[in-house]
Amino acid sequence: MKSDELENIKHVINGDYIVIPIETGYIKPNENLNSIIEPAKELMENGDYLVIAETPISVSQGRLVDEAEYTPSLTAKFLTTVWSKYLWGYILGPALKIKKRTIKNLRKLPEETKAHKEVVLQLYGLKHALKPASEAGIDLSNAPGTCVSLLPENPEKVAKDLKKEIGKDVCVMIIDTDATYMKNGKYFTGLPIAIEGIDADNGFFGYLKGQLSENMGSTPLGCSEKMDVETALKIANIAEDYQKSLATEMKTIHSVKAVLGSEIDEVTIEDLDSIIHTPAVIIRKI
């Protein structure tokens with residue numbers, strides 16, 4: 001793509017890379033990903049990266065769970081109130097110097113979090129439910145009503161299938177904002193899945209160890225190509241940098257009302273479709 005053509009396309013420069021956002025409406029449950037694929041076909045060049053957030057993939061796969069259908073157990077209530085809100089919100093969180101935003105959010109956990117903990121317990125087990133927040137990569141902020149989206153199924157296959165549909169020599173990557181950490185040259189995450197080279201499914205124990213390790217940023221869940229972890233993390237974090245710059249970013253349940261004007265459990269598909277979404281970005285080396 002020539003420089004004069006690029007001037008007519010929304011983009012930003014991040015170091016040695018050009019970042020081109022793909023903007024869409026809300027990708028609905030069981031809807032195809034054509035709103036990402038078609039502009040990718042048009043804009044991408046050989047050697048480009050297409051980095052896609054995990055939630056639109058999950059929602060398109062219909063991987064939604066209605067938390068209102070779950071009755072919190074005593075364990076879920078304990079993990080929400082005693083463990084997450086008080087122990088992590090007031091003692092362990094500050095002691096381990098976790099993000100101030102996370103501490104603030106833990107201290108004001110809503111009642112609905114108890115049902116959320118029950119979902120984590122039933123679907124992923126205690127190892128993930130012990131994590132005080134962002135358990136198992138479940139996304140509460142980009143789903144309607146009392147639904148949440150789970151991580152996508154087989155993200156590596158999804159990435160490879162999307163590359164075939166685009167029909168160019170590009171790399172497709174699916175990422176999650178939950179962290180990958182590094183200690184003694186080894187990469188790991190609490191998330192249930194990650195690309196080869198990142199030790200995954202560590203749940204709370206990965207999160208706890210991570211507080212004493214280096215935070216490497218967003219986690220690549222699946223990739224259409226084999227690549228070294230360092231490169232994958234670099235590309236994932238360039239994409240995440242762009243997402244953080246958006247006024248419509250809904251990183252936590254507490255940011256939903258600010259963006260959509262609705263309480264988290266009252267959000268409709270129409271609400272979600274009322275804003276511009278950026279489910280993917282194209283990243284190109286300059």
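In the predicted model, His128 is placed in helix α7, where the residue is buried, with a relative accessible area of 2%. Leaving aside neighbours within four places in sequence, His128 is in contact with Val120, Glu135, Ala136, Gly190, Leu191, Pro192, Asp201 and Gly203. One of these partners, Glu135, belongs to the loop between α7 (126–129) and β5 (147–149), and Glu135 is likewise buried, with a relative accessible area of 3%. Beyond four places in sequence, the residues touched by Glu135 are His116, Lys117, Val120, His128 and Ala129. With Lys117, the side chain of Glu135 forms a polar contact of 2.8 Å. Glu135 and Tyr207, although 72 residues apart in sequence, are separated by 9.8 Å in space, C-alpha to C-alpha.

Strand pairing was examined next, with β2 as the point of reference. Strand β1 (residues 12–14) and β2 run antiparallel and are joined by 3 bridges, with Ile13 standing opposite Ile18 in β2. The hairpin formed by β1 and β2 has 2 residues between the strands, and Gly15 in this hairpin takes a positive phi near 65°. Strand β2 is also joined to β10 (residues 277–285), in this case by 7 bridges and again in an antiparallel arrangement; here the bridge partner of Pro21 is Val281 in β10. Strand β2 is mostly covered, since 7 of its 8 residues are buried. Thr24, which lies in β2 (residues 17–24), is buried at a relative accessible area of 9%, and therefore falls under the 20% cut-off for burial. When residues up to four places away in sequence are not counted, Thr24 touches Ser35, Ile275, Ile276, His277 and Pro279.

Strands β2 and β10 also contribute to the largest nonpolar core, to which β2, α2 (34–43), β3 (49–53), α8 (155–166), β6 (171–183) and β10 each give two or more residues. This core holds 27 residues, of which Ile36, Leu50, Ile52, Leu162 and Val172 touch the most other members. The surroundings of Leu50 illustrate the packing: beyond four places in sequence, Leu50 touches Ile22, Ile36, Ala40, Met44, Ile166, Cys171, Val172, Met173, Ala280, Val281 and Ile282. A second core, separate from the one just described, comprises 24 residues, among them Ala76, Leu79, Leu150 and Ala179. In soluble globular proteins, nonpolar side chains tend to be buried together.

Helix α5 (residues 100–107) has Thr102, Ile103, Asn105 and Leu106 as its buried residues. Viewed down the axis of α5, these buried residues fall within an arc of 165°, so they line one face of the helix. The face turned away from the buried side carries the exposed residues Lys100 and Lys104. An α-helix has 3.6 residues a turn, so residues three or four places apart point the same way. The cover over the buried residues of α5 includes α4 (74–95).

Confidence in the model was considered last. The mean pLDDT of the chain is 91, and 91% of the residues reach 70 or more. Over residues 253–257, however, pLDDT stays under 50, and for this segment the model has 17 contacts beyond four places in sequence. Where pLDDT is low, the predicted coordinates should not be read in detail.

Key. Residues numbered from 1 in each chain as written. Predicted model: local features only at pLDDT ≥ 70, side-chain atom pairs only at ≥ 80, totals over all residues. Heavy atoms only, no water. Helix = DSSP H or I, 4+ residues; strand = E, 2+ residues; numbered from the N terminus. Buried < 20%, exposed > 50% of the residue type's maximum accessible area, 1.4 Å probe, protein only. Contact = heavy atoms within 4.5 Å. pLDDT = per-residue confidence, 0-100. Polar contact = N/O pair within 3.5 Å; in protein donor to acceptor, adjacent residues only side chain to side chain. Arc of directions from axis to C-beta. Pairing = 2+ DSSP bridges. Core = buried A, V, L, I, M, F, W, Y, C linked by side-chain atoms within 4.5 Å.
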